[in-house]
There are 2 protein chains.
Amino acid sequence: MTAVRGVTRTEASRGARLRSVPVGDVTMHPGFWADRMAANDRGIVALLERLEAEGVVDNFRRLSGAVDAERRGLWFTDSDLYKWIEGAAWSLATVADEALRERLDEVIDAVIGAQAPDGYVNTAFGDDRYADLTTSHELYCAGHLFQAAVAHHRVTDDDRLLACATRLADHLRATFGPGLREDADAHPGVEMGLVELGRETADDRYLTLAGWFLDRVDHAGLRELWGHAVRAEYYACGLADVVLDTGDDALERDVVRMWSSLVDTRSYVTGGVGGRWLGESVGRRYELPNASAYAETCAGIGVVLWAWRMLQAAGGAEFADRLELALHNAALVGMSLAGDEWSYVNPLADSGDDEQDPWMHDLAGFNLLFLPARRRPFHPVTCCPPNVNRLVASVPGYLYGTSAEGLWLHLYAASSVRAAGLGLTVTTGYPWSDRVDITVDDVAAGARTPRSLFLRIPGWCASPAVAVNDEHLPPPEPGTYLELHRSWEAGDRISLDLAMTPEALVAHPRVEANRGSVAIRRGPLIYCAEAVDHPGVDVLEVGLAADSPLVAEWRADLLGGVTVVHARGTRRVTPFPGLYASASAPVAIEPVDLTLVPYYAWANRELGAMTVWLAASGLRP
Amino acid sequence: MTAVRGVTRTEASRGARLRSVPVGDVTMHPGFWADRMAANDRGIVALLERLEAEGVVDNFRRLSGAVDAERRGLWFTDSDLYKWIEGAAWSLATVADEALRERLDEVIDAVIGAQAPDGYVNTAFGDDRYADLTTSHELYCAGHLFQAAVAHHRVTDDDRLLACATRLADHLRATFGPGLREDADAHPGVEMGLVELGRETADDRYLTLAGWFLDRVDHAGLRELWGHAVRAEYYACGLADVVLDTGDDALERDVVRMWSSLVDTRSYVTGGVGGRWLGESVGRRYELPNASAYAETCAGIGVVLWAWRMLQAAGGAEFADRLELALHNAALVGMSLAGDEWSYVNPLADSGDDEQDPWMHDLAGFNLLFLPARRRPFHPVTCCPPNVNRLVASVPGYLYGTSAEGLWLHLYAASSVRAAGLGLTVTTGYPWSDRVDITVDDVAAGARTPRSLFLRIPGWCASPAVAVNDEHLPPPEPGTYLELHRSWEAGDRISLDLAMTPEALVAHPRVEANRGSVAIRRGPLIYCAEAVDHPGVDVLEVGLAADSPLVAEWRADLLGGVTVVHARGTRRVTPFPGLYASASAPVAIEPVDLTLVPYYAWANRELGAMTVWLAASGLRP
């Protein structure tokens with residue numbers, strides 16, 4: 001059996017129904033994700049230049065004496081480089097870029113050269129190791145080194161970085177645990193890394209340590225998702241990973257409860273998470289402001305990671321739905337179309353003004369973040385850019401899965417795959433077009449018995465249709481996996497029609513920011529109105545007629561090629577008088593034409609106002 | 001000429017049209033404010049006990065050697081005691097409470113005993129004076145000492161504390177200024193205090209220093225109100241005070257611009273200010289969330305102080321409207337009906353759950369504030385309770401004003417006043433009843449020439465009516481002062497009918513939290529729906545029928561006597577499915593009866609949900 005080079009490796013995980021497909025066993029064809037990955041590859045090259053310029057790599061080199069300089073940057077930048085390594089590794093799984101491979105090797109040399117004899121690696125702490133785990137991020141950084149090493153090993157078979165990671169993990173085992181240091185990093189992340197390292201090295205002791213770290217928090221007592229969004233999600237990812245590898249029912253109940261809290265009361269319509277700037281936190285139930293959303297790019301990525309782990313356990317389509325939503329909207333918005341600028345904060349509405357509070361910079365600890373929400377070539381806190389890099393580079397690994405029964409199609413993208421004894425080609429203009437055509441290219445000799453293809457039928461699709469070899473099947477249920485069980489033969493054809501009718505969504509009435517407003521979704525994409533498409537109209541004040549037709553149009557010339565949605569809007573003829581006014585004052589309105597673009601693509605043209613939620617006129621109560 | 005014992009003293013201020021009326025020259029009659037003041041008097045007594053228990057007074061005593069103990073509490077608690085002194089002094093202007101007078105004298109002795117030979121007074125800093133004005137609050141505390149000393153002197157004619165304050169102010173003059181220390185406190189407040197001290201002592205040098213402190217910020221460059229709400233307001237109050245005393249046109253333009261920013265884009269419908277927990281700040285334009293409003297009680301009080309200073313300049317009724325709004329809603333909500341509990345944070349919607357983020361306490365600098373928004377007998381940061389004390393105790397000083405032309409009636413409350421040569425009695429059930437009856441009790445010998453009474457016609461009143469001695473005048477213009485110029489005689493009667501028709505308000509469409517929602521106002525009061533009045537109904541999800549009649553009813557039995565507003569609401573029969581759902585899904589609704597109570601009185605019964613803004617069904621776009 002060949003090594004499983006997927007984004008997670010659960011073939012020996014007793015609580016997992018699904019396994020991942022090696023990133024390199026998926027060939028991307030021209031299309032949406034191939035474009036995004038190409039842009040991401042450019043971003044990976046650009047980001048390393050900036051990390052070098054900021055001293056992030058030199059911080060490692062100085063520990064081996066290769067560079068004579070003071071350490072530079074924030075104390076957790078090691079994790080940025082580890083995420084960059086992971087992204088570069090996944091990129092090499094699909095693109096044979098020799099220059100990138102060489103740069104990656106150099107960077108890995110720098111990391112290995114910085115490792116202390118006892119296995120400790122961290123450029124910010126030396127004699128004062130683990131002095132304050134509430135702020136130091138030492139274990140969080142270690143977790144990212146583990147993930148980077150695993151990805152690098154899976155893609156290249158080179159075990160140098162994996163050995164470095166293993167030495168660090170062994171150092172952690174010798175340092176933390178019952179009777180040793182009995183605390184954990186305030187920023188989770190090491191747990192996912194330890195579990196994955198354990199899977200890669202077939203060593204259960206790393207899983208044990210991960211579980212012990214997680215138990216430093218009373219997860220059975222957590223009734224809600226609370227606190228720093230990314231920390232909460234990464235913590236939950238760690239729980240989910242331990243559930244996958246142990247099948248622990250009590251732990252599974254805890255993580256399912258946290259998941260429910262995420263999706264039932266604390267998610268943006270984009271799949272993004274984090275309603276509160278203060279503490280970068282999820283906030284209270286239904287605390288989901290639009291203009292002042294935090295919705296950190298890393299938190300959108302956290303949803304993808306978490307949903308993937310939940311999906312592996314039992315193959316629940318609701319997890320794939322959520323993964324798709326967060327990936328295409330909350331995470332993807334973090335990267336510019338060109339791939340070389342990244343956002344940190346992702347509001348769902350923006351005035352377009354460069355409003356900036358001159359006093360806010362005085363608030364220690366937050367001053368680095370108080371920039372308007374825009375994509376930039378660099379951020380002083382650099383967590384998001386390389387997180388986007390590693391996610392987008394590994395997207396091929398999220399498209400498919402396997403189980404004892406056969407092959408699973410989680411996300412639809414133009415690609416070919418070879419897994420579970422089958423070779424398939426998926427031809428589709430997804431997420432723009434309704435149609436997905438799947439062809440069986442070949443069937444391995446050992447796989448000629450009946451086996452299943454599991455096709456995800458997205459929950460957002462009201463009227464899906466499926467045909468096998470032109471024979472129409474009964475309409476499948478949205479929000480499920482449709483199992484097609486047969487003896488597949490080369491040449492078999494499946495066609496899937498996922499009608500992408502644009503749809504107006506309303507929010508739960510407890511979400512005060514969305515009362516009386518609608519958001520437009522088409523397929524997996526959430527839409528927004530940008531000022532640049534509406535000259536002379538303030539999109540933040542415009543209304544969308546509740547009975548408006550919503551008409552999709554493919555625009556090859558726009559934003560790298562997108563489907564826009566046209567709608568009929570309304571606007572006040574006279575300005576609103578002041579800040580509050582009588583509800584009974586007469587209001588004259590006039591129609592305006594609205595053109596909505598995918599949210600992930602906003603802010604790639606001129607700076608201007610944007611909103612996902614549009615005031616609805618004539619909405620029912 | 002007798003001393004002007006009002007809340008400000010502008011008779012020598014070249015930029016002031018109005019002067020205040022001595023607090024002690026107003027006699028409150030039974031009614032709304034007499035009740036609130038009586039409750040406040042109980043609160044003043046209760047708060048001193050708590051300040052003693054927390055060591056706030058002992059912090060002063062220890063400096064004179066009277067107490068041998070470590071300093072206790074936060075580094076800015078001196079200001080709490082100064083505000084308490086100010087509140088107690090104003091209270092003594094209307095209530096001859098000998099026990100309180102004795103306690104006040106003791107406290108003042110403690111303060112005076114703590115003054116250093118060079119005039120410096122601060123219990124938290126000694127050898128490290130002025131080491132870090134970005135955090136120390138030393139000048140902010142000084143400002144409150146000045147205000148306390150002025151109030152105490154005005155009420156009692158005792159000049160001991162005033163002398164102490166003058167020594168401190170002289171010390172500041174010797175320490176700060178051109179060629180000396182050239183920075184200012186990051187928390188404004190000293191400026192108002194210095195100006196008022198200058199007025200009280202007829203010493204322009206304190207005004208000069210106040211202006212110099214204000215100039216440490218580029219106020220001409222401030223296009224918006226930004227940053228910490230209370231700081232921004234107190235800064236603006238300082239500017240307004242300097243404008244009053246200098247008539248400086250450029251400075252006036254700066255403060256008017258800040259005022260416009262306040263009322264046009266940064267005020268809650270309650271008059272409250274501060275949309276953001278982070279930094280306790282005003283946030284961006286239209287950033288006015290309800291459930292996560294900060295709207296600190298002190299910020300509501302800051303609006304009153306600021307509006308009062310704007311009003312003194314030119315007698316603009318819009319400032320009196322704003323003062324009334326903030327006083328009756330944003331400030332008054334900070335005090336429980338019994339007077340002995342205070343709120344710090346004042347949301348406009350509340351789940352009623354004791355939701356508390358277990359991780360949020362880790363955020364240094366904010367952990368003291370992360371309590372649910374409820375009134376409590378004490379707060380670790382105690383700025384608000386004594387701020388309420390001093391405001392409510394001085395309310396008689398805000399009712400009336402004088403100018404060269406005559407007597408101004410700013411706020412209507414059952415009371416008698418003697419000012420501008422006239423003795424008046426105002427008989428009214430305001431803010432519950434429409435009717436205000438004003439009787440001229442007597443006219444001083446020197447005041448028998450024609451002179452004016454200026455009656456404020458509130459902007460919220462759509463159909464005001466006035467009669468003098470039963471003769472109806474043409475309807476006055478809402479949002480103005482109606483000038484009645486005549487030779488007044490004892491027995492003259494004015495009746496004012498300020499129709500208090502309950503009205504539904506909508507917010508500017510840029511206020512995302514209020515889209516599709518209405519708030520109910522009746523007279524100067526903003527209303528809310530509380531769970532306790534709606535068993536079995538979730539007030540946070542209920543809708544208010546846009547065509548609902550709004551019916552006022554006096555309820556003597558409720559909340560110390562309030563007028564409630566009845567309305568017809570709607571609610572969903574089936575729960576909303578999830579967090580987001582199709583706008584076109586059918587929704588069954590059923591009617592519910594709504595009973596709204598004044599916002600200031602919420603959370604005086606059982607803990608439960610509350611909302612000011614109600615989703616409106618059938619609202620026009």
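In this predicted model, the centres of domain 1 and domain 3 of chain A, taken over C-alpha atoms, sit 36 Å apart. Each side puts in 7 residues where the two meet: 7 from domain 1 of chain A and 7 from domain 3 of chain A. On the domain 1 side, helix 1 (residues 32–53) of chain A gives the most, with 3 residues. Sorted by class, that side of domain 1 of chain A has 5 nonpolar residues, 2 polar ones and no charged ones.

For orientation, the domain assignment splits chain A into domain 1 (1–9 + 28–216), domain 2 (221–348), domain 3 (404–498) and domain 4 (503–617).

## How far to trust it

Chain A comes out with a mean pLDDT of 93, and 95% of its residues reach 70 or more. The stretch to be wary of is residues 361–368 of chain A, where the pLDDT is below 50. Beyond near neighbours in sequence, that stretch has 7 contacts in the model. Where pLDDT is low, predicted coordinates shouldn't be read in detail. For the complex, the predictor gives an ipTM of 0.95 and a pTM of 0.94.

## The two chains together

Turn chain A by 180° with a shift of 0.0 Å along the axis, and it can be laid on chain B with an RMSD of 0.0 Å. That's the relation of a two-fold axis. The same surface serves both copies, with 100% of the contact residues of chain A recurring in chain B.

How many residues meet across the chains? There are 65 residues of chain A in contact with 65 residues of chain B. On the chain A side, the elements that give two or more residues are helix 10 (249–265), strand 14 (503–507), strand 15 (517–522), strand 20 (580–582) and strand 23 (613–617) of chain A. Strand 14 of chain A brings the largest share, 5 residues. By class, the side of chain A that touches chain B divides into 32 nonpolar, 20 polar and 13 charged residues.

There's strand pairing across the chains too: strand 20 of chain A and strand 14 (residues 503–507) of chain B run antiparallel and are joined by 3 bridges. Within that pairing, Tyr580(A) has Ala507(B) as its bridge partner.

## A sheet in chain B

Chain B has an open sheet of 7 strands in the order 2-6-7-8-13-10-11, with antiparallel pairing. Its edges are strand 2 (26–28) and strand 11 (471–472) of chain B, each pairing on one side only. Further in, strand 8 (residues 435–443) and strand 13 (residues 493–497) of chain B pair in the antiparallel sense over 5 bridges. Here Asp437(B) stands opposite Ser495(B), which belongs to strand 13 of chain B.

## Odd spots in the loops

A few loop residues have backbone geometry to look at by eye. Here are the cis peptide bonds and positive phi values:

| Site | Feature | Angle |
|---|---|---|
| Tyr430(A) and Pro431(A) | cis peptide bond | omega about 5° |
| Tyr430(B) and Pro431(B) | cis peptide bond | omega about 5° |
| Asp157(A) | positive phi, not a glycine | phi near 65° |
| Leu559(A) | positive phi, not a glycine | phi about 50° |

Pro431(A) lies in the loop between strand 7 (422–428) and strand 8 (435–443) of chain A. In chain B, Pro431(B) is in the loop between strand 7 (422–428) and strand 8 of that chain.

Asp157(A) is in the loop between helix 5 (138–156) and helix 6 (160–175) of chain A. Is Asp157(A) buried or exposed? Asp157(A) counts as exposed because it has 10 other C-beta atoms within 10 Å, and the cut-off for exposed is 12 or fewer.

Leu559(A) is found in the loop between strand 18 and strand 19 of chain A. With 16 other C-beta atoms within 10 Å, Leu559(A) is partly exposed. Gly560(A) lies in the loop between strand 18 (551–555) and strand 19 (562–572) of chain A. Gly560(A) has 14 C-beta neighbours inside 10 Å, so it counts as partly exposed.

What does Gly560(A) touch, leaving out residues up to four places away in sequence? The contacts of Gly560(A) are Asp35(A) and Leu337(A). By contrast, Gly560(A) and Leu323(A) are 23 Å apart in space, C-alpha to C-alpha, and 237 residues apart in sequence.

Terms used. Residues are numbered from 1 along each chain as its sequence is written. Chains are lettered from A and ligands numbered from 1 in the order in which they are written. This is a predicted model: local features need pLDDT of at least 70, side-chain atom pairs count only at pLDDT 80 or more; totals for chains, interfaces and linings use all residues. Copies are superposed by least squares on the C-alpha atoms of residues with pLDDT of at least 70 in both. Two strands pair if DSSP finds at least two bridges between them. Helices (H or I, at least four residues) and strands (E, at least two) are DSSP runs, numbered from the N terminus. Ala, Val, Leu, Ile, Met, Phe, Trp, Tyr, Cys and Pro count as nonpolar, Asp, Glu, Lys and Arg as charged, and the others, Gly among them, as polar. pLDDT is the predictor's confidence in each residue, from 0 to 100. Domain bounds come from an automatic or database domain assignment. A residue is buried if 20 or more other C-beta atoms lie within 10 Å of its own, exposed if 12 or fewer, and partly exposed in between; C-beta atoms are placed from the backbone.
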